[in-house]
Amino acid sequence: MELLDIIKLEDLQKMQDMFALATGMASITVDMDGKFITNPSNFTDFCMKYTRKSEKGGERCARCSREGKGAYFCHAGLMDFAEPIMINGIQYGNAIGGQVLAGEPDIEKFKETARELGIPEDEYIEALRKVPIRSEASIRAAAELMKQLVNALVNLRYAMQKNEMKIAVLEQEIKTISDRTKSITSKAKNLEGISKKQSILSLNAAIEAGRAGNSGQGFQVVADQMGVLAKTSDKIYEVIIEDANVIYKSVQSVEETFKE
């Protein structure tokens, strides 16, 4: 199962875009292999155009993405975050982002980083000046908020999906019960007809036994027993039909509830 088996891409993208707009932080959702699921939201040139595009910077960024947990400082001096997306204790991806400063930058230190990564200093510092600045506390809070938001959304969709599957199974079972109840009622009525015929046969047998006199006494006993059996069967069939009707009405009531 993948994340997009649970939640629509547009819903995940919309939530991510709103988070980025509200916090000024970058954000994206990735799978367990680190592949992008959503489109990047609010990514900075400092990270994407310069740091990651350099050979050394790209290697270090990849290592940060693999090893970073929660809110953390990346190798370039910005704060990023990586929050797991969990369903029933199983991780299906990560909500990652950040790309913000936790205070006023030390320009000389960033120039040194630029030289180390082989990036033009002036361009790097110009891109740095466009990076949002937030307090470390607010960055950590935003990372936790993103974690709560994406996990709540994904788990809600998962629960809805599971409930829809359960409802589908329940509806099928209700149909099966309803069909079987109709079948039982029909067959019970057929047996009830046979029971009535047994009563008639018992009565005819009793009449013939009476005409036969003493020689028909044994046959009279059999006729009497047939009569008792027929009456007992009648009562049983009445109970079966009554119970079947109760079950059928209950099934109809459940069906009506699902339609509301």
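**Exercise 1.** In this predicted model, determine whether Gln 99 is buried or exposed.

*Solution.* Step 1: The relative accessible area of Gln 99 is 6%. Step 2: Buried means under 20% relative accessible area. Step 3: Gln 99 is therefore buried, given its value of 6%. Step 4: As to its location, Gln 99 belongs to strand β4. Step 5: Its backbone deserves attention, since Gln 99 is not a glycine and yet has a positive phi of about 55 degrees.

**Exercise 2.** State where Asn 42 is found, and classify its accessibility.

*Solution.* Step 1: The loop between β1 (26-30) and α2 (45-51) contains Asn 42. Step 2: The relative accessible area of Asn 42 is 42%. Step 3: Buried is under 20% and exposed is over 50%, with partly exposed in between. Step 4: Asn 42 is therefore partly exposed. Step 5: Asn 42, although not a glycine, also has a positive phi, of about 65 degrees.

**Exercise 3.** Describe the order of the strands in the open sheet, and explain why one side of β1 and of β2 is left without a neighbour in the sheet.

*Solution.* Step 1: The sheet has 4 strands in the order β1-β4-β3-β2, and the pairing is antiparallel. Step 2: β1 and β2 (70-73) stand at the edges and have a single partner strand each, so one side of each lacks a neighbour in the sheet. Step 3: From one strand to the next, the twist averages 20 degrees. Step 4: For the antiparallel pair β1 and β4, 5 bridges make the connection. Step 5: Within this pair, Ala 26 has Gly 98 in β4 as its bridge partner. Step 6: A helix is also placed against the strands: α1 lies across β1 and β3, at about 155 degrees to β1.

**Exercise 4.** Identify which residues have the most contacts inside the largest nonpolar core, and which element gives the largest share of this core.

*Solution.* Step 1: As background, nonpolar side chains in soluble globular proteins tend to be buried together. Step 2: The largest nonpolar core has 24 residues, and Met 25, Phe 81, Val 150 and Val 154 have the most contacts inside it. Step 3: Two or more residues of this core come from each of α1 (9-23), β3 (79-87), β4 (90-100) and α6 (136-212). Step 4: The largest share, 8 residues, is given by α6. Step 5: Beyond its neighbours within four places in sequence, Met 25 is in contact with several residues, among them Phe 19, Asn 42, Phe 81, Gly 98 and Ile 139. Step 6: A second, separate core has 22 residues, including Val 30, Phe 46, Cys 47 and Phe 110.

Conventions: Residues numbered from 1 in each chain as written. Predicted model: local features only at pLDDT ≥ 70, side-chain atom pairs only at ≥ 80, totals over all residues. Heavy atoms only, no water. Core = buried A, V, L, I, M, F, W, Y, C linked by side-chain atoms within 4.5 Å. Buried < 20%, exposed > 50% of the residue type's maximum accessible area, 1.4 Å probe, protein only. Contact = heavy atoms within 4.5 Å. Pairing = 2+ DSSP bridges. Axes fitted to C-alpha atoms, helices over the stretch in contact; angles between N-to-C directions.
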